[in-house]
Structure formats: C-alpha cells, structure tokens
Amino acid sequence: MLQEQVATTNEKRYQKELPALPLTTIWLISFGFLGVQMAFSLQSANMGRIFQTLGADPHNLGLFFILPPLAGLVVQPLVGYFSDRTWIPGLGRRIPYLLVGAVVAVIVMCLLPNSGSFGFTAVTAMTFGAIAILFMDVSSNMAMQPFKMMVGDMVNKEQKGFVYSIQSFLSNSGAVLASIFPFLLTIIGVSNSAPKGVVPQSVVLSFYVGAGVLIICSLITVWKVKEYTPDEFAVYHGISKESTKEKVNIFKLLGSAPKVFWTVTLVQLFCWMGFLFIAI
C-alpha cells in the first residue's frame, strides 16, 4: 500500500501540465467533426429513402437502422483500445485510425447511393446497401473517435470547454449542411426523381459532396496536427512504464468509473432511442 502511494506521488511529481494550444491547433483538432457529422447526417436522413427506393418494406426499415449503433458499439471501444497502444512515426497515435476510417468512409459514401444503379436485383441491391451502411458506420466511427480522443490527449482543462463548444458548432453545422443539400441541389435543377429502383441524383450528389468534405477535413488534420510523442504523452499525463504494462479487466475499469460517466451513459441511452425514432 505504501509503495503504491509512493509510486503515485512520484508520477504526479514528474507530470507536467498540458500547454495551452493556439487557436489554430484547436480548430484543426476539431475540424473533422464537420465532415464526419455530414456523413452521419446524410446516412440518417436518406437511409430510409434509399432502401425504400431499392424495394424495402417501410415497416422493416428499423432492421437497417439497427446496423449503425451496433457498429458503433463495437468499433468505438476497439479504436480507443488499439490507438492507446499505437505509435507510427510521422503519423502518431490517433491519426492512423482517422486516416483509414476517412478513406473507407469516402469510398462507401460513393457506393451506397448507387446501390440501385449496378443492375442488381432488388434483394441483391438491398443486401449490397445494408453491407455498405455497415461499412460506412464502422469507418465513420473509426474516423470520428480520433478527433474526440485528441482532445483528451492534447487539450488542458482550461481549454476543454472551449474545444467542445467548437466541436458542437462544427458538428451541428455539418448536420445542417447535410440535411439541406438535397433540397439545394433540387432548387438549382438537379433531378430529385429517378427510375424505379434508382436513387435520385440530388441524393447521390449530396453523398459525393459529403465524401469530399469528409476527406478534405480529415486530410487537413492529418497534415497539420502533430500529436505528442509517447514520452511527451507519458509526462503530460503522469503515466509510468509500470502502469502501461498493467492489464486491467474491462469490468474492473467500469466499476471504478466516475459518477459522471454513468450519468452521461444514461442520458445517451435515452437520447439515441429518440434519435432513431426521429430518423425512421
């Protein structure tokens, strides 16, 4: 017990405070939320229309809407777990996952709205679309988590509230842009109707634009943000070599989680139940 207290005291002694980040770095860490939220909003706003166009029964759309949260349930903890143990020189800890997730998400965003344009039968087109939705949400979650985790890695306590407000602004801006894009394209003359089984061009082009915004935002972060090296990270967060080797059971971690963790979890649970009903 005494040894543990001494070790904790030593860690705190050598822990440095995270430095204040310039405004440009704060924006660069958060900028990807604009593209990621456009991807999520395009998916939630148009998924029902896409699958109904492909021939899905409107009463069964909930079967397709369950895929995204299931993907997030699995992907987000895995990205956190593995990125904690990753360091690639020249890229960093979180950015490799951001890069891979963004690239895959962009590819799937270009394929999904064209599910009815490849000459597939209705069943094959819906299967292809369902797989595309699954991959889109897996990759979007993979791209989103690094932006969140870099805040914890690089931002000090005084600036976190400001950073989260910027992320909220960019996230909501992306959602608004994604929601109005099909209407704007229709106003300027892009067709909002198509042959049976084919998704209209207004929706297809909206996904293309969203894919473009996502990859541009992500690449800006990849090029401009430099994460702290493992040694710097350890100093700023008071992590010893012994603690990095310690293996802790996930249930033990959950048991020691602070009260605010469970409070936010409960709020998120009921919020997402409502979001999916709205989307359907």
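Leaving aside neighbours within four places in sequence, which residues is Gln 145 in contact with?

**View 1. Gln 145 and its contacts in the predicted model.** Once neighbours within four places in sequence are set aside, Gln 145 is in contact with Gln 76 and Val 79. This glutamine is found in helix H7. Is Gln 145 buried or exposed? Gln 145 counts as buried because its relative accessibility is 9%, and the cut-off for buried is under 20%.

**View 2. The largest nonpolar core.** Here we're looking at 55 residues, with Phe 51, Met 109 and Phe 207 making the most contacts inside the core. The elements that chip in two or more residues are helices H2 (23-30), H3 (32-54), H4 (62-65), H6 (95-111), H7 (122-154), H8 (157-187) and H9 (201-224). Helix H7 gives the most to this core, with 12 residues.

**View 3. Another core, of five residues.** This one lies apart from the largest core, and its members include Val 75, Val 79, Tyr 97 and Met 142. Val 79 turns up in the first view too, as a contact of Gln 145.

**View 4. A close look around Met 109.** Not counting residues up to four places away in sequence, Met 109 touches Ala 39, Leu 42, Met 136, Phe 207, Gly 210, Ala 211 and Leu 214. Met 109 and Phe 207 are both among the residues with the most contacts inside the largest core.

**View 5. The buried residues of helix H2.** Zoom in on H2 and you'll find Thr 25, Ile 26, Leu 28, Ile 29 and Ser 30 buried. So what covers the buried residues of H2? The cover includes H3, H7, H8 and H9.

Terms used: Residues numbered from 1 in each chain as written. Predicted model: local features only at pLDDT ≥ 70, side-chain atom pairs only at ≥ 80, totals over all residues. Heavy atoms only, no water. Core = buried A, V, L, I, M, F, W, Y, C linked by side-chain atoms within 4.5 Å. Buried < 20%, exposed > 50% of the residue type's maximum accessible area, 1.4 Å probe, protein only. Helix = DSSP H or I, 4+ residues; strand = E, 2+ residues; numbered from the N terminus. Contact = heavy atoms within 4.5 Å.
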